[in-house]
Amino acid sequence: MPRNKINISDEIEHLSVLNEKGQLDKDLEPEISETLLLNIHRTMLLGRRFDERLLNLQRQGRIGTFAPITGQEAAQLGAVAVLRSSDWMVPSFRETAAEIWRGRTMESLILYYSGFNEGGRIPDDMNNLPVCVPVATHLLHAVGLAWALGYRKKDDVVMTFFGDGATSEGDFHEGLNFAGVYRTPVIFVCQNNQWAISVPRSKQTRSQTLAQKALAYGIPGLQVDGNDLLAVYSAAKEAVERARSGGGPTLIECVTYRLMMHTTADDPKRYRKEEEVQEWVGRDPLPRFQKYLIENKKLLSKEKIDRLETEIKEEIQAAVERAEEQKSKLKEPLEMFDHVYAELPKNLKEQKAQLAGELSGNKKEDGHD
Amino acid sequence: MTNITMVQALNLALRQEMEKDDGIILLGEDVGVDGGVFRVTEGLIEKFGEQRVLDTPLAESGIVGMSIGMAAYGLRPVCEIQFSGFSYLSFHQIESHASRLRWRSQGRFHVPMVVRTPYGGGVRALEHHSESREAFYAHMPGLKMVIPSGPRIARALLVSAIRDPDPVIFFEPKALYRAFREEVPDEEETCPLGKSRLVLEGEDLTMISYGAMMRPSLDAASELKDKDGIRVEVIDLVTISPLDDELFVQSVKKTGRAMVIHEAPRSFGPGAEIVSRLVEKAFFYLEVPISRVTGFDILIPLFSRENYYLPNVQRIVRSARQLLKT
């Protein structure tokens, strides 16, 4: 008996529009309005500077641990910029720029990183799920949300973010598999930033690309230069349009790099070489996109960027001050009992009363009845 | 009013609720065309279609995780994990997300979902098909954990679980699926979560149990009455968490003697919490130490020996007599 070839699509493409030297492939250049380009740039810059400020606050002990995004701004913003506000975003924990784009305020992020649950509050008009810390587990929520959108006959889509490490998790498999089976309108955006804390991409999987994993689920997969905003935008636009028109899910692998630490609790010098970081500094998405806006689009100039830097600095400062002010009003620890259940059960009423008693210094003897 | 089994009663609850609310979606392995391996969802795919009854890929985390996403959007998914012994593949979804999303989003997102799953021994099954691990789920803040003990209450409890705004783990005692029938009214019945039930009134001793162990407990109570003249009060917890301690504390204050009966292993089992509440709230009313008749702290043996593991009428009667002797 012969061995017959089964024809499975094995096409995985890599998309690059604006290369690391800032050279533009005119044929592939996406049409993006000037306003949108400038808004994206502003949020990229804001994301970068906010990261730096958060690091500063963390080192001063004013906030706790957080996960920096520096280097990944294009991979996030190129993708979310395609969404409309009624679409859904399901983040992991390293999407500050994307969250800000979707309307999350800086003060709520500061509040969250300062250890206040109130910072995790998602406003009623914002279609984001909250940050998800356990890796890859939220992919399934994105699929369930997307299924529900289809069931309710909406043409909104869901975009979810995760890293290269997440592709090793079982829930990555289950998420892509369910999305494929039910053809749900989900865009899986993998931020392949090369490092899952100390474990390099090469040790996560023998697969040549992460994008090719899509093939196993019968869904399209595409690898893009994640530090190339135009490439990410083009890939996301294609995927969102497909999802919106009933064509189902897509996996996009954004090849990018985490220029800073995994979180502020981590020291990357223990596991990676400075030369490698410097190589990636040369591929930084921000100056590359700025060069495009200055030279190709004539939308920016050095002076305009300087003005923007000042504006952003003030904006961040104002957010830090607002967060400080809110924090000073959030001293009530009894609120830790809120939102555990729709209604407080009896045991929690008793325990809340116990804490309230301690707080009011009420040392009344607990008698047996 | 019809005389039906627990399987039929659960099916009735699902059918009637699905008729009322198109946000209720069933999903799980074999729940559609096959009607569930125990036939709880039989006929529902025919009645409501593939859009409301989803035969899912074989993936527990996928089933629960997808349900969480559906619930976050405002649907009311009722998912089935084929056996509770396989629910650990979705444990992280329940612990990390179902129980926390309301809290994490500070009230923006709710997870009004039900995870139905058969638990417990007594059906001569394979490994992983007989465990009783309600304590795992009862230990999680943000979650509700309920177990019915017969057809009528199973129907009412499932209706209430579906309507509940919080995620509910609904353990179904598989040994009781077809063990007996009860009259179940056609019209709607509900059973509030977080409320235990007084099933039998008595003065001498309080038995606290739930799920499949309610039958041997009631049989033991009946034997004790007939042979020893002991009047046992029997309480069905119905909800394991949040635990309703009012009824059993009140009962033990009256009887002074308490027994807890469950098939879960003894150490750190639900009995440990019940005994603690009694110690905290009724200590000075106790005539004798509290007794626990439970599974042993071992893995439930394969079925040729499972009857030595599971609490039975003789074991309960013997323990009760000991309590009355002292």
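These are my notebook entries on a predicted model with chains A and B.

**Entry 1: chain B as a whole**

I started with chain B and looked up its helices and strands: there are 12 helices and 14 strands. Next I checked its overall size. The C-alpha atoms of chain B fill a box of roughly 60 × 40 × 40 Å along the principal axes. Does the radius of gyration point to a compact globule, or to something else? For 326 residues a compact globule would come out near 20 Å, and chain B has 19 Å, so the two agree. I also noted that buried residues make up 58% of chain B. Then I looked at contacts with a separation of 6 or more: 80% of them in chain B join residues 24 or more positions apart.

**Entry 2: a helix in chain B**

I picked out α8(B), which runs over residues 214-228. Its 15 residues reach 20 Å from the first C-alpha to the last, close to the 21 Å expected. Which residues of α8(B) are buried? I wrote down Met214(B), Pro216(B), Ser217(B), Leu218(B), Ala220(B), Ala221(B) and Leu224(B). These buried residues pack against four strands and a helix of chain B, namely β9, β10, β11, β13 and α12. Just past the end of α8(B) I found Gly229(B) with a positive phi of about 70 degrees.

**Entry 3: chain A and its domains**

Over to chain A, which is divided into domain 1 (13-329) and domain 2 (333-369). I looked up how far apart their C-alpha centres lie, and got 41 Å.

**Entry 4: a covered helix in chain A**

Helix α5(A) takes in residues 139-151. Its 13 residues span 18 Å, close to the 18 Å expected. Is α5(A) mostly covered or mostly open? Mostly covered: 11 of its 13 residues are buried. Among them are His141(A), Gly144(A) and Trp147(A). What do they pack against? On the chain A side I listed β2, β3, α6 and β4, and from chain B there are α3 and α4 as well. Just after the helix, Lys153(A) takes a positive phi of about 60 degrees.

**Entry 5: where the chains meet**

Since α5(A) had led me to chain B, I looked up the contact between the chains. I got 35 residues of chain B in contact with 34 residues of chain A. On the chain B side, the elements giving two or more residues are α3, α4 and α5 of chain B. The largest share comes from α3(B), with 10 residues. By type, the chain B side divides into 16 nonpolar, 15 polar and four charged residues.

I then zoomed in on Gln106(B), in the loop between α5 and β5 of chain B. Why does Gln106(B) count as partly exposed? It has 18 other C-beta atoms within 10 Å, and being buried takes 20 or more while being exposed takes 12 or fewer, so Gln106(B) falls in between. Leaving out close sequence neighbours (up to four places away), it touches Asn117(A), Glu118(A), Gly120(A), Arg121(A) and His339(A).

**Entry 6: the nonpolar core**

Last lookup: the largest nonpolar core has 188 residues. Which members touch the most others? They are Ile187(A), Val232(A) and Ile252(A). Helix α9(A), residues 229-244, gives the most to this core, with 10 residues. I followed up Ile187(A), again skipping residues up to four places away in sequence. Its contacts include Val157(A), Met159(A), Ala236(A), Val240(A), Pro249(A) and Ile252(A).

Note on methods:
Residues numbered from 1 in each chain as written. Chains lettered and ligands numbered in written order. Predicted model: local features only at pLDDT ≥ 70, side-chain atom pairs only at ≥ 80, totals over all residues. Domains from an automatic or database assignment. Expected span 1.5 Å × (residues − 1). Contact = placed C-beta atoms within 7 Å. Nonpolar A, V, L, I, M, F, W, Y, C, P; charged D, E, K, R; others polar. Core = buried A, V, L, I, M, F, W, Y, C linked by C-beta atoms within 7 Å. Rg over C-alpha atoms; globule rule 2.2 N^0.38 Å.
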